Amino acid sequence: MDLSFYLLQFLTGLAYASTLFLLAVGLSLIFGAMGIVNFAHGSFYMLGAYLLFAFARGQAEGFWGGLLEVLAAGMVVGALVERFLIRPMYRRPEEHQILLTYALLLMIEDLVRFVFGAGYRSFPLPQVFASPILLAGTPFPSYYLFLLGLVAVVALSLWFFLYWTRLGTWIRAATQDREMLEALGVNVSLIYTAVFGGGIALAALGGAALLPLQAATPGMAVDAVINAFIVVVIGGLGNVWGALLGAVLIGLVQAFGILMAPEMAMVFPFALMALVLLLRPWGLLGRPPAVRT
């Protein structure tokens with residue numbers, strides 16, 4: 001195996017990391033701003049894949065418009081879920097939040113199965129990505145480069161939004177002291193609705209972006225939420241850049257782990273998570289909990 005092979009494997013790992021980041025960053029944002037552990041997050045990832053199939057009618061030429069519609073639908077669905085289901089849970093024990101969101105995952109999974117059936121739903125690659133490109137003389141899927149570009153745009157947009165806009169400043173302030181922010185006259189409830197809606201929209205976008213590469217099935221929701229928690233535990237809950245780092249590490253571990261020990265490929269992400277929990281329980285880029293005296 002020459003150097004070009006490992007370069008392509010590296011890019012393949014980054015492409016896989018792209019969908020993981022879109023899935024996990026919303027979960028991390030929601031927890032960081034609202035303190036909600038959203039076990040239903042993977043179901044919205046799955047829902048995004050099915051919505052793209054429905055909006056584009058399974059036709060490749062409807063891909064671009066379908067992505068925008070999925071993003072908008074995710075925002076609306078997330079805002080409604082936060083307003084009518086999540087908001088009454090803020091003052092309740094965490095186990096109530098976990099039970100509610102897990103029940104929501106099962107409900108959305110059954111709803112998707114009822115509407116779309118239990119079979120697989122696939123989607124063709126858009127025509128512009130139908131042909132591979134040559135990298136180091138070897139064909140490489142051009143759609144992977146689109147995923148890398150999409151994540152770069154999302155990550156930079158989130159950075160600009162959180163650190164250079166007033167709403168982003170309020171969101172970061174809400175993670176530190178909600179009561180003080182409310183005392184300044186800021187509508188924190190509306191901020192929470194926007195954060196939850198945005199996090200769900202990103203998860204739905206991730207599911208839609210994955211559909212041309214992997215068929216959608218109702219069972220993908222559980223796998224997605226497990227992967228999301230692995231990423232945010234490694235990177236650090238509530239940290240956007242931690243979600244990016246965790247996704248990249250998992251993507252590369254999967255890409256190169258399958259070369260070294262194919263039969264152990266599924267174990268490597270969990271082993272990495274266990275190692276991080278042992279050495280740095282709050283995640284690689286997370287902050288240790290404040291010690292109360």
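Let me begin with a definition: when I speak of a contact in this talk, I mean heavy atoms within 4.5 Å. The model on the screen is a predicted one, and I would like to walk through its pockets and cavities, with one residue, Ser-28, as the starting point.

Ser-28 sits in helix H1, which covers residues 3-34, and, leaving aside residues up to four places away in sequence, Ser-28 touches Val-232, Gly-236, Leu-237, Gly-238, Asn-239, Val-240 and Ala-243. Is Ser-28 buried or exposed? Its relative accessibility is 1%, and because the cut-off for buried is under 20%, Ser-28 counts as buried.

Two of those contact partners, Leu-237 and Gly-238, take us to the largest pocket, where they are found, together with Gly-32, Ala-33 and Thr-175, as the residues that lie nearest its centre, out of 41 in the lining. The elements that give two or more residues to that lining are H1, H4 (94-116), H5 (142-164), H6 (166-176), H7 (178-183), H9 (220-235) and H10 (240-260), and H1 gives the most, with 6 residues. The pocket holds about 1,300 Å³ of space, and its lining divides into 22 nonpolar, 11 polar and 8 charged residues.

The second largest pocket has a volume of about 790 Å³. Of the 29 residues that line this pocket, those closest to its centre are Tyr-16, Leu-20, Gln-214, Asn-227 and Gln-254, and the elements that give two or more residues are H1, H5, H9, H10 and H11 (267-279). Here too H1 provides the largest share, 8 residues, while the lining by class comprises 20 nonpolar, 8 polar and 1 charged.

Turning now to the enclosed spaces, how many cavities of 30 Å³ or more are there? The count comes to 2. The largest, at about 40 Å³, is lined by Phe-44, Leu-47, Gly-48, Leu-51, Ala-73, Gly-74, Val-77, Ile-200 and Ala-204; the elements that give two or more residues to this lining are helices H2 (41-55), H3 (63-86) and H8 (188-210), with H2 supplying the largest share, 4 residues. By class, that lining has 7 nonpolar, 2 polar and no charged residues.

The second largest cavity, with about 30 Å³ of space, brings us back to Leu-237, which lines it along with Leu-27, Phe-31, Ile-36, Val-37, Asn-38 and Phe-229. Its lining divides into 6 nonpolar, 1 polar and no charged residues. Leu-237 therefore appears in three places in this talk: as a contact of Ser-28, by the centre of the largest pocket, and in the lining of the second largest cavity.

Definitions and conventions:
Residues are numbered from 1 along each chain as its sequence is written. This is a predicted model: local features need pLDDT of at least 70, side-chain atom pairs count only at pLDDT 80 or more; totals for chains, interfaces and linings use all residues. Side-chain values use heavy atoms; hydrogens and water are left out. On a 1 Å grid over the protein atoms alone, a cavity is a set of points where a 1.4 Å probe fits but cannot get out, and a pocket is an open set with protein on both sides within 12 Å along at least five of seven lines; lining residues have an atom within 4 Å of a point. Grid points are joined across faces, edges and corners, and a volume is the space filled by probe spheres set on the points. Ala, Val, Leu, Ile, Met, Phe, Trp, Tyr, Cys and Pro count as nonpolar, Asp, Glu, Lys and Arg as charged, and the others, Gly among them, as polar. Buried means under 20% relative accessible area, exposed over 50%, partly exposed in between (1.4 Å probe, protein chains only).
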